[in-house]
Amino acid sequence: MENITKRQLFNVGLFLFSIFIAVPLIISATGRWDFYFTLTSVALLAIASAGVWLTFYIGRINIGQGAFALIGAYVSAILVVKGGISFWISLPAAGIFAAIVAIFIGMLVLRLRGVYFAMITLVLTQVVTLTALALPITNGAKGISSIPLPSGVSLFGIPILPDFATMANTKLAFYYTACILMVLTYAALYRLVNSRLGHLCRSMQQNEELASSIGVNIAHIRIVIFAISSFFGGIGGAMFGSIAQSVYPSSFQVADSVNFMLNCFLGGLGYVFGPMLGTLVLYFGWDLLFELGKYQMLVYSIILIAVIRFLPNGLLSLQFGKGARK
Amino acid sequence: MSPLLQVKNVTKRYGGLTANNNISFDVAENEILSVIGPNGAGKSTLFKMISSFVPTTSGEVLYRGERISNNKPHIVARKGIVRTFQETTIFKSMTVRESVIVAQHLRAKASLAGYFWGSRAAKADVAAFGQYADELLEFLGMSEISSELASNLPQGNLRALGIAIGLATDPKVLLLDEPFAGMNHDETMRMVDLVRSVRDERGVTVLLVEHDMPAVMTISDRILVLNFGEKIAEGTPSEIQNNDKVIEAYLGSSDDEIGM
Ligand SMILES: Nc1ncnc2c1ncn2[C@@H]1O[C@H](COP(=O)(O)OP(=O)(O)OP(=O)(O)O)[C@@H](O)[C@H]1O
Ligand SMILES: [Mg+2]
């Protein structure tokens with residue numbers, strides 16, 4: 001069913017070359033080291049956005065990814081700072097914890113549709129922020145700071161990952177880590193969408209009644225998908241906390257949740273790689289409009305509205321025909 | 001031989017309206033049973049209760065002695081009791097072939113994770129689904145439209161697609177809600193033959209709701225007649241054609257489609 005064409009293979013190769021080789025070369029040639037931080041942020045936000053895109057894929061508008069990013073950031077920070085555990089173990093743990101929380105929340109709210117589900121998820125970010133303020137383990141408003149950099153990993157005495165604290169260029173190390181995670185995320189997303197789980201999601205997105213008439217356990221699949229989506233949120237959040245070396249209740253806010261959703265709209269809900277492009281454009285778009293001062297928000301909003309109005313299938317619909325899926 | 005499906009004293013009320021009142025009947029294995037009656041008689045409601053799309057107010061439906069009513073639709077479908085819909089109900093951005101492939105998912109031998117990693121079992125499944133989809137579409141005479149997008153199909157083909165999706169699940173009992181609606185005479189007679197061969201060759205028990213009386217009289221082993229939610233008659237086509245209550249129900253309503 002799924003045939004990867006030569007052209008797609010070429011595109012993927014070109015993309016990998018750009019992010020892993022071309023970008024570092026350009027940055028060292030131009031001396032714009034600050035770009036590493038920007039691009040690392042884009043990669044991590046794109047991971048969280050991938051999760052939001054996946055909930056769109058089952059016909060749900062998810063404005064709660066900030067909540068899971070925040071949960072992931074805290075879980076990782078607590079495990080590293082208070083538990084003395086390696087960051088590389090805390091990272092998957094953060095994703096899994098976020099997924100488990102999503103399963104419980106999902107069982108309660110995934111039955112809701114449209115605006116109702118969207119509103120509940122919108123409130124979720126606020127709830128997690130308030131919880132972080134209240135709990136002793138999260139340190140309230142002070143948050144958790146001075147998180148140590150990821151330590152080295154060795155297996156049977158062979159070093160696999162270097163100790164970030166001893167590295168001369170941690171920016172580059174974080175950039176590579178974020179890019180690898182992003183590539184893995186989108187590869188997994190692509191596989192998922194093109195495998196049976198993805199086909200079942202499509203069936204229920206298009207017609208829930210017909211899907212249940214052929215025996216699809218809709219409630220179950222929705223929860224699985226929401227858990228995977230939140231796993232991505234947790235991973236993105238944990239990585240962010242590690243780079244910033246701190247987590248506060250305000251690290252991810254409602255505005256971030258909204259942005260994750262906008263990234264998906266902008267890139268295109270019909271394309272697996274839509275949220276990645278959306279994140280890049282939205283992040284840089286905002287920065288480019290910085291010169292406009294107090295009109296920044298206004299111009300930015302107008303452009304967004306125009307894009308959604310005139311390109312309802314997202315930016316990627318410009319390049320690919322209707323229904324095409326890279 | 002005990003009946004395959006037993007409907008026992010089933011009642012459905014929507015507020016003050018009784019859509020089905022104390023309906024009981026049995027369906028034997030390999031039978032084709034039609035449910036007829038004027039508009040609003042409660043035919044679709046009965047099918048929705050059998051397939052657990054709506055709960056009964058009272059009474060129950062048994063399949064091989066096991067209760068299937070007041071359950072979840074996907075669980076009943078997994079037991080092999082599959083319905084089609086009166087309204088156009090399709091996966092609109094899938095092709096005909098894709099729809100028929102996705103409907104075979106219950107027969108998957110590989111796990112969801114196996115599909116993700118591309119295990120050997122998953123690859124075998126994918127190949128088998130594709131092959132069966134082609135066979136089924138050939139059998140239904142739909143091979144030419146197999147790569148059409150469902151949303152582009154004309155009305156008559158949409159019905160056929162609904163039946164194809166239902167059949168792809170490999171059902172034991174197929175509930176067809178107005179399968180011939182929107183078809184002309186020739187298309188209807190072709191579908192009548194097809195439904196018959198589904199029963200004969202695949203051993204599927206068929207229940208159908210239909211307004212097209214000539215088709216109903218040709219296809220049915222037995223007929224059940226509903227009027228205002230009540231069962232007013234049950235019998236072979238010739239018994240039903242000569243039943244006074246049935247004639248009265250049809251003549252008494254503005255709906256005189258019963259061509260007897
Ligand atoms: N969800 C519902 N809520 C309230 N009333 C309903 C509902 N579904 C059906 N009804 C009512 O129950 C009665 C039976 O409806 P049903 O759809 O079973 O009729 P039908 O025999 O299939 O008619 P038709 O031949 O027009 O398809 C009708 O009066 C209908 O208005
Ligand atoms: Mg009906």
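## Helix α3 of chain A

Helix α3 of chain A is mostly covered, with 15 of its 17 residues buried. The model described here is a predicted one. From its first C-alpha to its last, α3(A) reaches 24 Å, close to the 24 Å that is expected at 1.5 Å a residue.

## Helix α4 and what covers it

Helix α4 of chain A comprises 23 residues, 87–109, which at 1.5 Å a residue should span 33 Å, and the distance of 32 Å between its end C-alpha atoms agrees with that expectation. At the start of α4(A), a side-chain oxygen of A:Ser86 comes to within 3.1 Å of the backbone nitrogen of A:Trp88.

The buried residues of α4(A) include the aromatic pair A:Phe87 and A:Trp88, and among them are also A:Ala94, A:Gly95, A:Ala98, A:Ala99, A:Ala102, A:Ile105, A:Gly106 and A:Val109. An α-helix has 3.6 residues a turn, so residues three or four places apart point the same way. The cover over the buried residues of α4(A) includes the helices α3 (65–81), α5 (114–134), α6 and α9 (218–244) of chain A, together with the strands β1 (153–155) and β2 (158–161) of that chain.

## A buried glycine in helix α9

Helix α9 of chain A contains A:Gly233, and this glycine counts as buried because its relative accessibility is 0%, where the cut-off for a buried residue is under 20%. Leaving aside residues up to four places away in sequence, A:Gly233 touches A:Ala48, A:Gln65, A:Phe68 and A:Ala69. The C-alpha atom of A:Gly233 is separated by 18 Å from that of A:Phe174, a residue 59 places away along the chain.

## Salt bridges within the chains

Over all chains, the structure holds 15 salt bridges. One of them joins the side chains of A:Glu208 and A:Arg113, with an N to O distance of 3.0 Å. Because A:Glu208 lies in helix α8 of chain A while A:Arg113 lies in the loop between α4 and α5 of that chain, the pair ties together parts that are 95 residues apart in sequence. The two partners are placed at opposite ends of the accessibility classes, for A:Glu208 is buried, with a relative accessible area of 14%, whereas A:Arg113 counts as exposed at 51% relative accessibility.

In chain B, B:Lys79 forms a salt bridge with B:Glu66, and the closest N and O atoms of the two are 2.9 Å apart. Here B:Lys79 lies in the loop between α2 (73–78) and β6 (81–83) of chain B and B:Glu66 in strand β5 (residues 66–67), so this bridge ties together parts that are 13 residues apart in sequence. Both partners are partly exposed, B:Lys79 at 28% relative accessibility and B:Glu66 at 38%. A further salt bridge of chain B is formed by B:Arg199 and B:Asp221, whose closest N and O atoms are 2.9 Å apart; this pair links distant parts of the chain, with B:Arg199 in helix α7 (residues 185–202) and B:Asp221 in the loop between α8 (213–219) and β9 (222–227), 22 residues apart. Of these partners, B:Arg199 counts as buried at 12% relative accessibility, while B:Asp221 is partly exposed, with a relative accessible area of 31%. Salt bridges with shared partners also join A:Arg60, A:Arg113, A:Glu208 and A:Arg222 into one network.

## The interface between chains A and B

In the interface, 22 residues of chain A are in contact with 31 residues of chain B. The two chains bury about 2400 Å² between them, and 65% of this area is on carbon and sulfur atoms. A:Arg196, A:Gln206 and A:Ile214 supply 30% of the area that chain A buries against chain B, which is more than any other three residues supply.

Between chain A and chain B the count is 11 residue pairs in polar contact, with both residues at pLDDT 80 or more, and 1 salt bridge. That salt bridge is formed by A:Arg202 with B:Glu98, and their closest N and O atoms are 3.9 Å apart. On the side of chain A that touches chain B, α6 (170–193), α7 (196–206) and α8 (208–213) each supply at least two residues, and the largest share, 7 residues, comes from α7(A). By type, the residues on this side of chain A divide into 9 nonpolar, 9 polar and 4 charged.

Notes:
Residues numbered from 1 in each chain as written. Chains lettered and ligands numbered in written order. Predicted model: local features only at pLDDT ≥ 70, side-chain atom pairs only at ≥ 80, totals over all residues. Heavy atoms only, no water. Contact = heavy atoms within 4.5 Å. Buried area = accessible area lost by both parts, 1.4 Å probe. Salt bridge = Lys/Arg side-chain N within 4 Å of Asp/Glu carboxyl O. Polar contact = N/O pair within 3.5 Å; in protein donor to acceptor, adjacent residues only side chain to side chain. Helix = DSSP H or I, 4+ residues; strand = E, 2+ residues; numbered from the N terminus. Nonpolar A, V, L, I, M, F, W, Y, C, P; charged D, E, K, R; others polar. Expected span 1.5 Å × (residues − 1). Buried < 20%, exposed > 50% of the residue type's maximum accessible area, 1.4 Å probe, protein only.
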